[in-house]
Amino acid sequence: ARFGFECPEERDYYPYWWPTPWRDIAIITDTPSRCAFYKSESQNVKERCHCKNAKFDTMQSCPNNMWMCEAPWSQLLNNVAEPECLEAPWLQENLMSNKLDGYPFQYNWTIPNEPSASCALRVRYNVTTGDWPTWHDEAQLGRPLGAGERMLDHRDSANPDESPVQMDPGHKCCEDADPALCECQLGHHDTLMPFTTYQDRSHRFSIVRRPSTVKNTIHNLNVKGKRGNIVQTFPAVEYDFVPTVLHCRVGEWIHAQWTGSDNNRNNVAGEGRRQTDRSNMIQILDAKRNYPIDPKQQSLFEPRAAQRLAFNELHEKEHLCKEWAEVVAIQNENERERDPKNCAKLNPQVPYYDGGLLPCKAPGIYYYMSSRNNNFSNRSQKGTIVIHPCAGNATCSNADTIPTHDNGKFNPGDPSNGAAQTATLATAALLAAL
């Protein structure tokens with residue numbers, strides 16, 4: 001790994017047989033027939049054992065009194081159960097995980113209400129070819145499989161199954177008098193390529209205690225992607241809101257927040273100061289529009305919230321901003337665009353922005369964009385919010401209230417909602433990571 005620590009064996013195999021610090025959330029597989037095995041073998045619900053002496057990896061070889069077992073997470077922690085297991089949708093290679101409907105695949109995770117200043121979320125993406133078997137077949141063996149027998153290990157020299165994969169192998173593709181003319185060379189440039197985890201990403205975040213007066217569902221609204229055009233960002237993507245289409249009910253909440261970087265590659269396409277990611281939200285009439293709606297007609301959020309989201313609250317920090325007349329007076333377009341006090345481009349803002357809790361008010365379909373990044377014909381950063389009637393649903397029928405500042409924004413550090421300590425710890429942890 002470029003940063004941190006990585007165990008290739010643990011990275012490439014699931015379920016892993018030794019104890020790990022990870023709690024499983026979901027397995028998404030194109031072989032749902034294996035879901036029962038994946039779920040029952042998860043460390044969430046099954047103990048993990050190991051030898052205190054790392055030189056020995058089996059109970060038989062482990063010296064006396066050195067073999068130890070750790071209870072499953074479900075016995076150590078509250079609200080831990082077997083992970084969810086879902087069938088993966090069909091995805092075409094190199095289309096950035098877009099499904100047949102054109103939207104990227106996503107998994108909707110309910111964040112546990114367990115406040116913590118420092119959490120990590122890990123996503124592994126494994127690609128395994130269908131050319132060779134990867135699991136032992138119980139029917140062929142004529143007996144149930146023992147522990148650790150389920151998966152074939154083509155890379156373990158102690159395993160009698162030898163890997164059939166070769167570097168840049170040739171393969172007979174036709175019948176001809178001259179065999180040399182019938183060899184097709186396959187593009188396996190590494191013997192591990194057909195069976196490997198191509199992505200093993202971890203992300204750090206904090207969980208802040210929800211206000212005691214908020215009982216209804218909170219929907220997270222974020223931004224994905226990075227600075228650059230479609231070629232420069234590949235294999236990532238350009239900016240987009242996540243979820244692109246957010247559904248909520250009247251009485252529920254949206255937590256708008258996003259983060260980015262001040263250290264993107266230099267000289268790539270983008271708005272505002274070089275190397276920076278920034279986003280904002282401004283309502284538009286429909287998805288075809290590229291100009292904001294008249295502020296007087298803005299109906300998605302209440303006026304103060306709409307202003308905060310449009311300017312990332314920079315309109316409340318006048319000392320950081322030049323007046324618009326000063327900005328347009330700068331003759332050089334690049335200098336004007338990158339001026340550190342150009343608040344119209346959000347230049348003084350830091351990478352992370354917390355827009356607070358926003359109520360889903362009235363039923364309807366609402367559209368919005370980022371005025372910073374939406375660049376007609378080059379890139380489009382737009383989103384849709386669909387607010388459904390509550391219709392007496394138990395999760396939204398009771399009106400919530402939230403403690404706020406005078407400007408109407410929820411204050412997670414307000415002692416009246418019991419979140420002050422968590423918010424303080426979270427802020428300290430994030431600052432320490434910078």
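L346 is found in the loop that runs between α8 (333-338) and β14. In this predicted model, the phi angle of L346 is near 65°, a positive value in a residue that is not glycine. The relative accessibility of L346 is 1%, and the residue therefore counts as buried, the limit being under 20%. A second positive phi occurs at N79, where the angle is near 60°, again in a residue other than glycine. N79 is placed in the loop between α3 (73-76) and β4 (84-87). With a relative accessibility of 77%, N79 counts as exposed, because the threshold for that class is over 50%. A positive phi, of about 50°, is also taken by N312, just after helix α6. As a general point, most residues other than glycine have a negative phi, and most peptide bonds are trans.

Two cis peptide bonds were identified in the model, as follows. The bond from F234 to P235 is cis, with omega near 10°, and P235 is located in the loop between α5 (230-233) and β10 (240-242). The bond from V242 to P243 is likewise cis, with omega near -5°. P243 belongs to the loop between β10 and β11.

The chain as a whole contains 9 helices and 16 strands. Of its 434 residues, 33% are buried. Among contacts with a separation of 6 or more, 65% are accounted for by residues 24 or more positions apart. The accessible surface of the chain amounts to about 26,700 Å², and carbon and sulfur atoms contribute 52% of that area.

Four strands form an open sheet in the order β11-β16-β15-β13, and the pairing within this sheet is mixed. The edges are occupied by β11 (245-249) and β13 (282-284); each has a single partner strand, so one side of each lacks a neighbour in the sheet. With direction ignored, neighbouring strands of the sheet are turned by 35° against each other on average. The pairing between β13 and β15 is antiparallel and extends over 3 bridges. Within this part of the sheet, I282 has M369 of β15 as its bridge partner.

Strand β15 also contains I365. The relative accessibility of I365 is 52%, and this residue therefore counts as exposed, given a limit of over 50%. When residues up to four places away in sequence are not counted, I365 touches T384, I385 and V386. The C-alpha atoms of I365 and T384 are separated by 7.1 Å, although the two residues are 19 residues apart along the chain.

P363 lies in the loop between β14 (353-359) and β15 (364-369). Its relative accessibility is 47%, so P363 counts as partly exposed. Apart from neighbours within four places in sequence, P363 is in contact with V250, I387 and P389. The C-alpha atoms of P363 and I385 are 10.0 Å apart in space, with a sequence separation of 22 residues.

Q257 is found in strand β12, which comprises residues 253-258. The relative accessible area of Q257 is 17%, and Q257 is buried because this value falls under the 20% limit. The side chain of Q257 is joined to that of H255 by a polar contact of 3.4 Å. Beyond residues up to four places away in sequence, Q257 touches N220, L221, N222 and V223 as well as Y352, Y353, D354 and G355.

Helix α6 spans residues 303-311, and its buried residues are A305, A306, R308, L309 and A310. An α-helix has 3.6 residues a turn, so residues three or four places apart point the same way. The cover over the buried residues of α6 includes strands β12, β13 and β14. Strand β12 thus holds the buried residue Q257 and also takes part in covering the buried residues of the helix. Strand β13, for its part, stands at an edge of the four-stranded sheet and likewise belongs to the cover of α6.

Definitions and conventions:
Residues numbered from 1 in each chain as written. Predicted model: local features only at pLDDT ≥ 70, side-chain atom pairs only at ≥ 80, totals over all residues. Heavy atoms only, no water. Helix = DSSP H or I, 4+ residues; strand = E, 2+ residues; numbered from the N terminus. Buried < 20%, exposed > 50% of the residue type's maximum accessible area, 1.4 Å probe, protein only. Contact = heavy atoms within 4.5 Å. Areas by Shrake-Rupley, 256 points an atom, 1.4 Å probe, with all protein chains shown as cover. Polar contact = N/O pair within 3.5 Å; in protein donor to acceptor, adjacent residues only side chain to side chain. Pairing = 2+ DSSP bridges. Axes fitted to C-alpha atoms, helices over the stretch in contact; angles between N-to-C directions.
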